[in-house]
Amino acid sequence: MNPNVVPRYELLDHHGNSVTEQHFTGRYQLVFFGFTHCRVVCPTALTKLSTVLDDLGPLADRIQPLYVSVDPDRDTPEVMRAFLEADHPRFLGLTGGTEATEAARTAFRVFATRKADPDDPDGYAVPHTAVTYLLDTDATYLAHFPDVLEATEIADRIRELCGTSAT
Amino acid sequence: MTTTIGKSATPAVLGSRQVPLLSDEQVGHIRHVDNLSRLPRGDWRHMAGPVPFQEDFSSYRYQLGYMSLAMALAHYHRLPAAPAVFQGQLDRLIRKMLEPDAWSYWRDTSTQGGFGPFDLPRLPSRTDPVAVDNIMYSAYLQVMTLMYTMLFDDRTYEQPGSLTFSMRPVLWGKDRHESFEYDQRTLNERIYWNMVENGYLGVACEPYCVFQICNQVPILGFRLHDHIYGGKTAEEVTTGYLAAWERFGGSVNANGHFHSYVVQQNEVLPNDVLVDRDLAWTDGWLGMLMNMWRPELVRTTYGTSIEQWLDRADDGLISVRDLSRIPGTDVYAGLGTLGEMGWLAAWASEMGDQEVVDGLLAHADRYMNPQWENGGLHYPRRDETYDENGKFVLMPPVVSNATFPYARLNVADGLRTLFERPWTDRERSRPALTEIGDSVDIRRAWYHEDVRHLQLTASPRHGLSSTTTDLALSRVWDRGEWTLAVDGVVVANGDDTTVTPNGNGHRLHLRRTGDELRLTLDVGGHTDVDMYWSNA
């Protein structure tokens, strides 16, 4: 139990279903926050995490990868679904209204702020922290992985935390 | 961009002949800090400043924080074989940091409202001084405890509740009090998550105000925590810090000075505001700290900015320019208490610019009324900026008690080296002086691993011509045959377990007590104690 992170969310998945953190109990949750218009951080992180899941083999079947939007104005369930199914099909997208996504972000202590960005077609970006969270099977915080960790380090940590040693 | 953690090329070991004796002034600073650390609860003599509410840079938290850093650097670089001099005082400074006098200001400061040109939201009062914001206190406590563990391998502050903030005013009645319990790991974690939540830009000092300066301190804390407990937090945070400040143009402004702070957007302020003024205290204070992980940037900034702040006299003395005045006005920004001379001296010491360090301290020694008290050196507080002859004489307590000692005791890249190579069991298992009476100063304490030589020099503390002290040497057994000499005269021999005094040694009451070799020493002038182990 980490008193600093109490992961709670009440969002829509990219199929339009209402979900909370309790929806996935019985499985581990691998949670990353971002936005589909992100040009560098999210593609890099999602690719890395997909590699991690590939590396985990059968253990990955016990893990639900989640990509939570910090840009709900643009990231509708439909947008999230199209983005993820095209490039990061392991992930389920979560989004919602401004209040709901902010509540989720606050619960996970994720930083995100809307900034003007002349290179973006809509004129803004949402810089955010690139931390990946691992929730236990009871939807409590188990660990987090900062962006500086390599895919192999994350995979090793997940095996260790989920009770499956590397072969 | 990459950071430079763990990549220093500075030498780790000095040869015997390269270890100089500490000067009278250097040991005087150590003694003064020790004296302050021993003052009873509530006695803040020599530390009280002119500004109420613990709002300025002579607040107790800063003095205690930089006194601790100065003493840690002195132990690490100057007297590594003398934990006896430093362990007790660093522990006492931590305990003073836990006194409500040092942190209870937060119940008021946390309510915010604005500073200078900014109107900021009012917030509810918070008592817990480390839970949210207030990195200007929490990070210093974080580093003080982790540094203590690193230097002495003493695990006191990893015990649950060992860092407890207790507010129990008598007049609140017997059932009302507030108490917040932490230890060095839970404190570190709290600061870490505050840093993550703010996108690694840093944790605010007063609400909404994120200063570069105070966010260097937790980076040192994370580094020490990684070293002691494992992890890559420092690397994570410094990588994120670079990206976060890049959104404000980086850490340095167009004039070659460090950016000071960001006021973050809130319900009153629609956008983040970068406070970008050329400030001597920001340059000096940030430079002395940030060198630990961005040495190239800091050295470049030093080269372009330091001379702008210095007022050089023909006789080689150096003071500082009229720094506190807001440009274009007659208004002083900080009531004359910003301590620029000390921050700049400390920065120069980290840069290894001994000419500037010596010039600033020589000015202080000539014009700032140095005083000796109970063997300690200090400069009495003075609130006027200039004397009747136009000499710069301003002396805030933080300069006398913390930053001048820091500058005089630091070495080139001193904090950087400590950051990159914190001590391990290797350093902490070497022979060392672990007990000493308080009537003597230690001028030299070094174990030369290559030649198996423990080299100590003691002197009577300032004001005494001679004295007698008991001392204890530890970690000296099970290393083979040895010889002990006092002032070059052999007084004893020994082996793995026993001590055999010779004719000269009997008057020293040499004896083994548990893990220590103890002796009673007459000290007049500089007295050398040397212990050599055979190489066989």
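In the predicted model, the side chains of Glu197(B) and Arg109(A) meet in a salt bridge, with a nitrogen-to-oxygen distance of 2.9 Å. This pair belongs to the boundary between chain B and chain A, across which three salt bridges are found, together with seven residue pairs in polar contact, both partners having a pLDDT of 80 or more. On the side of chain B that touches chain A, helix H7 (184-197) and helix H9 (233-246) each supply at least two residues, and the largest share, seven residues, comes from H7(B). By character, the residues on this side of chain B divide into four nonpolar, five polar and eight charged.

The extent of the boundary between the chains can be described both by residues and by area. In terms of residues, 17 from chain B are in contact with 20 from chain A. In terms of area, chain B and chain A bury about 1,500 Å² between them, and 54% of this lies on carbon and sulfur atoms. Within chain B, the residues that lose the most area to chain A are Trp193(B), Glu197(B) and Arg247(B), which together account for 40% of what that side buries. Glu197(B) thus appears both among these three residues and in the salt bridge with Arg109(A).

Chain B itself is divided into domain 1 (25-97 + 309-419), domain 2 (110-277) and domain 3 (426-533). The C-alpha centres of domain 1 and domain 3 of chain B lie 32 Å apart, and the contact between these two domains takes 14 residues from domain 1 and 20 residues from domain 3. Between them, domain 1 and domain 3 of chain B bury about 1,300 Å², of which 63% is on carbon and sulfur atoms. Of the area that domain 1 buries against domain 3, Val27(B), Arg31(B) and Ala81(B) supply 39%, more than any other three residues.

One salt bridge is found across the interface of domain 1 and domain 3 of chain B. Arg31(B) forms a salt bridge with Asp441(B), in which the closest N and O atoms are 2.8 Å apart. Six residue pairs in polar contact, both partners at pLDDT 80 or more, are also found across the interface of these two domains. On the side of domain 1 that touches domain 3, helix H1 (24-37), helix H2 (60-78) and helix H3 (83-97) of chain B each supply at least two residues, and H3(B) gives the most, with three residues. The residues of this side of domain 1 divide into nine nonpolar, three polar and two charged.

Three loop residues of chain B were also examined individually. Arg430(B) is placed in the loop between helix H16 (425-428) and strand E12 (432-436), and it counts as buried because its relative accessibility of 18% falls under the 20% limit. Apart from neighbours within four places in sequence, Arg430(B) is in contact with Tyr447(B), Glu449(B), Ser474(B), Arg475(B) and Arg479(B).

Asp153(B), which is not a glycine, has a positive phi of about 50° and is located in the loop between helix H6 (135-152) and strand E3 (163-167) of chain B. A positive phi, of about 60°, is likewise found at Asn369(B), again not a glycine, in the loop between helix H13 (354-367) and strand E10 (371-373) of chain B. Asp153(B) counts as partly exposed at 34% relative accessibility, and Asn369(B) counts as partly exposed at 44%.

Note on methods. Residues numbered from 1 in each chain as written. Chains lettered and ligands numbered in written order. Predicted model: local features only at pLDDT ≥ 70, side-chain atom pairs only at ≥ 80, totals over all residues. Heavy atoms only, no water. Helix = DSSP H or I, 4+ residues; strand = E, 2+ residues; numbered from the N terminus. Buried < 20%, exposed > 50% of the residue type's maximum accessible area, 1.4 Å probe, protein only. Contact = heavy atoms within 4.5 Å. Buried area = accessible area lost by both parts, 1.4 Å probe. Salt bridge = Lys/Arg side-chain N within 4 Å of Asp/Glu carboxyl O. Polar contact = N/O pair within 3.5 Å; in protein donor to acceptor, adjacent residues only side chain to side chain. Nonpolar A, V, L, I, M, F, W, Y, C, P; charged D, E, K, R; others polar. Domains from an automatic or database assignment.
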